[in-house]
Amino acid sequence: MIYLQLFLSFLQIGMFSFGGGYAAMPFIQDQVVNLHHWLSLSEFTDLITISQMTPGPIAVNSATFVGLKIAGFLGAVVATLGCILPSCLIVSILAYIYQKYHKLTMLQTILSSLRPAVVAMIASAGVSILVSCFWPNGFSFSLSDIRFSSIFIFIIAFVLLHYKKINPILVMVFSGFLEIIFYYGAKLFL
């Protein structure tokens, strides 16, 4: 039964996550955290981080990770197959249609109308991850619930990526070191 649930959940993710990995994050979160409770929100944030650090698409890495955690190696295979099956079928069909009708104005209109929805899904996922990072116990207005070290690391990483154009991998490694310093510094002084 768990294999069927994994397959169907990631089949839905693979079928409806247009726009790539970032657009898939709200769907993955809904299936994995909200609907099936396979991961907590904190574990989901870790999953996204791990998926970013490993080669391959976020959705496929997430499917493999969740499947492995929930049902072992076979679960990873089943979840991954569920995730990639719709893409294989849809891309094959769309490639045929696009090659045949790529000059039609209606097709170009449909493609450009999907862009704002994809941007909205990416923004939604980003805000959700940001909130779970800054408020690990859920959003509140209490200053004691805010993780100031995460805010500091976010600002530093944003400046390094956006303004200094430093390699994202180096920024991730540097951010990890900063978190280690904050973690052990807090233990040392508290």
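These are my notebook entries on a surface patch, the cysteines and the aromatic pairs of this structure, which is a predicted model.

**Entry 1: the nonpolar patch**

I began at the surface, where I found a nonpolar patch of about 650 Å² made by Y3, L68, F73, L74, V77, L81 and I84. I then looked up which element gives the most to this patch, and noted helix α4, residues 58–101, with six residues. F73 has its place in helix α4, and I recorded F73 as exposed because its relative accessibility is 65%, where the cut-off for exposed is over 50%.

**Entry 2: K69**

I turned next to K69, which also lies in helix α4; with a relative accessible area of 43%, K69 is partly exposed. Leaving aside the neighbours within four places in sequence, I listed W38, L39 and E43 as the residues in contact with K69. I also looked up the separation of K69 from I2, and wrote down 67 residues in sequence against 12 Å in space, C-alpha to C-alpha.

**Entry 3: cysteines**

How many disulfides does the structure hold? I found zero. For C83, which is in no disulfide, the nearest cysteine sulfur is that of C88, 9.9 Å away, whereas a disulfide would need the two sulfur atoms within 2.5 Å. C83 counts as buried, because its relative accessibility is 3%, while I noted C133 as partly exposed at 28%.

**Entry 4: aromatic pairs**

I then went through the rings, of which the structure holds six aromatic pairs. One of these is F134 with W135, whose ring centres are 6.2 Å apart and whose planes stand at 65 degrees, so I entered the pair as edge-to-face; both F134 and W135 are buried.

Another is F152 with F182, where the centres are 5.6 Å apart and the planes stand at 90 degrees, so this pair is edge-to-face as well. I noted that this pair links distant parts of the chain, as F152 belongs to helix α6 (residues 148–163) and F182 to helix α7 (residues 168–189), 30 residues apart. Are F152 and F182 buried or exposed? I found F152 partly exposed at 39% relative accessibility, and F182 partly exposed too, with a relative accessible area of 31%.

**Entry 5: the aromatic cluster**

Last, I looked up which rings group together with F134 and W135, and recorded one aromatic cluster formed by F134, W135, F154, F158 and Y163.

Terms used. Residues are numbered from 1 along each chain as its sequence is written. This is a predicted model: local features need pLDDT of at least 70, side-chain atom pairs count only at pLDDT 80 or more; totals for chains, interfaces and linings use all residues. Side-chain values use heavy atoms; hydrogens and water are left out. Patches are made of residues with over 30% relative accessible area and no salt bridge: like charges are joined within 9 Å, nonpolar side chains (Val, Leu, Ile, Met, Phe, Trp, Tyr) within 5 Å. Accessible areas come from the Shrake-Rupley method with a 1.4 Å probe; for residues, only the protein chains shown count as cover. A salt bridge is a side-chain nitrogen of Lys or Arg within 4 Å of a carboxyl oxygen of Asp or Glu. Helices (H or I, at least four residues) and strands (E, at least two) are DSSP runs, numbered from the N terminus. Buried means under 20% relative accessible area, exposed over 50%, partly exposed in between (1.4 Å probe, protein chains only). Contact means heavy atoms within 4.5 Å. Rings of Phe, Tyr and Trp (its six-membered ring) pair if their centres lie within 6.5 Å; planes under 30 degrees apart count as stacked, over 60 as edge-to-face and the rest as tilted.
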